[in-house]
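Q: Please take a close look at one part of this model, beginning with a single residue and then working outwards to the elements that surround it. I would like the criteria behind each term to be stated as you go.

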Amino acid sequence: MEIFFGAFTSEWEQRRAALLHEMASGGRGAAAEEEMRKRLRQLAQLGAGGGGGSGGAGGAGSKSWRAPGTQTMPATAASRPMEARLAAVAKGSQPAVVKMASYGGGARVGAMLNYVSRSGELKAEDENGRILEGREELARVRGDWDHLFQNRAESRDMGSFSVEIAVSGLASDDTLHEFVRSTLSSGFGDRRYAYGVEKIADGSISVTGLVVLRSGQGERLTGDAKAAGIIQGRYDASAAASEAGATFSFHGYGNGVEFGASRLRGLLEQHQDVRDDRGRPVSDEKAAGDLVQKEWRGELHSRKSRDVMHVIMSARAGTDVASFERAVRDFLAHQFAGHRYVFAMHDPASDPKEAGEGGKRPHVHAHAIVAMRSDAGDRIETTPAVFREWRSVMAEKAREHGIEMEMTDRREFASPPAFTRTQVRPVSRDGRTEHVGTSEPAQARYDAKRSGRRTIAKSDRSRQYIKMAQESWQKVALASGDRHAVAYATQHREYLETRLSAATTEASASVIHADFGSNFRANLVTLQEMVLEGQELRETSRAEFEAYEKKVETALFKLERTVAPDDRADFDEVAGLARDFVNQKRELVELYEQRKDALAERGGEEARNEPRDPVNEAWDAAVAKHSEAVVEAGNEALIDIDHYREGLDRIEAGDFSADGKAAMQAGLDRAVERAVQMAIEGNSYLREVAEQDPDLQRAIDQVENNADRPTEAKDKAPSTAETVDEQRRDLRAEEEDQTPVDSDTREAHDLASTVDATNRLQDRLNRDREAAQRSGETTRTDPAQQHVPRLEELEREQMEQRERDRDDRDR
């Protein structure tokens, strides 16, 4: 029997019909599955070309399945003029709300599906229209999606530990805590931790707490029994073991600031007196959040997989539930064609979860769990432009089902920016969820959003957009015959006009600081150049390092003299990161010297017999297979790609300003292009890595399949050494292109770029240190003392040197 897919009105119905036809004709065989995919691609391509149809399958400007390498233009938003959208909102249309709630790895799919389906009590529906009921059917989804996941393990950032100490006779609480910190530091070293103490009846004490698994030297523990054995061995070999016996154990580990803050607050509930590694009391939940967010965060280097995403679509209370469900179904089929997903409706009338537990929300909403990678290998893009397109498509589908809904932009209403999930934590779920900020800036952002405080974006592009919105509100007020719509439009036009006027006044009042700001940015760029220069210092001499250290301190001194009082906290953060980088570079110089001594005395024989960790073994295996020069060159190219990808992710998350997104995307394109060129020219290591990186593999395939490339270029492959030398020559130039300085760029964005560059160099420094430790035996040294130079004298020496150079040129 032949199925005519054009008889169905929406794409999800077509896909369900194809699935049922396939199952009825002999199971889910490979041939039938490939035939179904081919038909769906044909339908999607017809829809993208405007070839008719209705619902999610057709229509000009719809986002459908796309082949690797093609680009989909978000034309839907442009097809709805701003004036028409604002006029509809003034008459009562509700805004389209589509939120990216979170990302997750493949291991969390089961938990995420259980959450959206209320542990199987609510029905869920997949991309083919199949209803999933009960936890057993939801559990099978994880296996069906497994081939789409990268299955990368999340980094283990913090671990919960306990220590049993056999000691008695400690008179006061201060003496007790001092003894506990001495015991913990003997095992943990310079790692950050917080703990609580409980006295046991037999006179011993029990200590429970949370520790950062990464040390200041870059060593990362695993937070399991193996790590406990390592810590136990270090303690037993320390002088503290002779005073009292202690038994260390780990009871779990986790990833990210949210995990750490949650566990630390749980520790406060168990113990009345909680202290950190420096003896400071952690008095309340706010202090616990500040400790993790402000002090520990920079030492975590968290990495999470993004295999699936959690998307929420919501509507106002009173919206027809059945119509909204149909709109959500069409939106998902339209926007995520070719991807696997499951969604469930949360209707307050049928929600089994009570209001005090976060259920029975007054507004109807839907949760969707979407696989980031499709069966064809495409990954979903998550950028501000894409999020805007999602809202536009959601509004379009809602209108098709009789719900008045429009895509809106916060710049059109002078609304404050939204707060992110990591910036707040919930304190009450009764009714509307109430939160508190995890820091003072986060609390201010939360208060501004909840109070509806009027604000406008400060970039030139946003100001132009706001002026267009102001004109559109004026036209709506003049053209509308409804007095309520006129009042609404006039009010919002005045909001924009007032905020624009206030922003102009603030800019005029601060014109006296123009030269100051210019000097600040110039000095900031100088500091960044000095820090970036450190990446060229690998096996350097001590004299060369001391000269480099003097340059960094001089740049910090000049920057400090031009910093504004409001930016003092940001300067302290930048200065701390820069000095930490220099201190670690000093330790790396010492490691290289120790390595040379060890190799000279022992020839490296014993180092080869020592047990190796999996990372070192993987590195050595890659070097043995591809040669050290090839692996090093490929690894540096991959580091650059990861840096730009992480930067784009942080811009999307709101950590950085969106002004630098274009430069970051351009940097990513250059990094990928360089990696592709190296792979084509003979870097076998990059070829191997590309098998696990779909984006990189797709870029390599596109270049190789390019028929216009001359045959001579395909056959010509320069030597690996030439590739490495060329890459190192271009590295500095590309780093300078990465963060262009514009006179209109905000100082906060410059500071964030410098912090990001410093963090990236610290990661590279850690890899250099590990390489030095693998090459020979090194001894653990205490962290270097903070170097405090005589800054005025350094600056005077530099000025005198420039004058002598000028005199020499004059002669």
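**A serine and its sheet**

A: S102 touches M112, V308, M309, H310 and R421, leaving aside residues up to four places away in sequence, where contact means heavy atoms within 4.5 Å. The model is a predicted one, in which local features need pLDDT of at least 70 and side-chain atom pairs count only at pLDDT 80 or more, while totals for chains, interfaces and linings use all residues. Residues are numbered from 1 along each chain as its sequence is written, and side-chain values use heavy atoms, with hydrogens and water left out.

S102 counts as buried because its relative accessibility is 13% (buried is under 20% relative accessible area, exposed over 50% and partly exposed in between, with a 1.4 Å probe and protein chains only). The residue belongs to strand β2; strands (E, at least two residues) and helices (H or I, at least four) are DSSP runs numbered from the N terminus.

That strand is part of an open sheet of six strands, ordered β2-β10-β12-β11-β3-β4, with antiparallel pairing (two strands pair if DSSP finds at least two bridges between them). The edges are taken by β2 (97–104) and β4, each of which has a single partner strand, so one side of each is left without a neighbour in the sheet. At the β4 end, β3 and β4 are joined in the antiparallel sense over two bridges, and E125 has I131 in β4 as its bridge partner.

Two helices lie across β2. Helix α5 also crosses β10, β11 and β12 and runs at about 15° to β10, whereas helix α12 (residues 384–400) lies across β2 and β10 and runs at about 130° to β2. For these angles, axes are lines fitted to C-alpha atoms, for helices over the stretch in contact, and values run from 0 to 180 degrees between N-to-C directions.

Helix α6 (residues 134–145) also belongs in this picture, with L138, V141 and W145 as its buried residues. They cover an arc of only 35° around the axis, which puts them on the same side of α6; the arc is that of the directions from the helix axis to the C-beta atoms. The exposed residues E136, A139, R140 and G143 are on the other side of α6. The buried residues pack against α5 (109–116) as well as the strands β3 (124–126), β4 (131–132), β10 (308–314), β11 (341–346) and β12 (365–371).

For context, the model also holds an open sheet of five strands, arranged as β8-β5-β7-β6-β9 with antiparallel pairing. Its edge strands, β8 (245–254) and β9 (274–276), each pair on one side only, and neighbouring strands are turned by 25° against each other on average, direction ignored. Helix α7 (residues 173–188) packs on this sheet, where it touches β5, β6 (193–199), β7, β8 and β9, and its direction makes about 130° with that of β6. Within the sheet, eight bridges join the antiparallel strands β5 (residues 158–166) and β7 (residues 205–212), with S162 standing opposite T208 in β7. Helix α8 has A227, A228, I231, Q232 and Y235 as its buried residues; they cover an arc of only 135° around the axis, which puts them on the same side of α8. These buried residues of α8 pack against α7 and β8.
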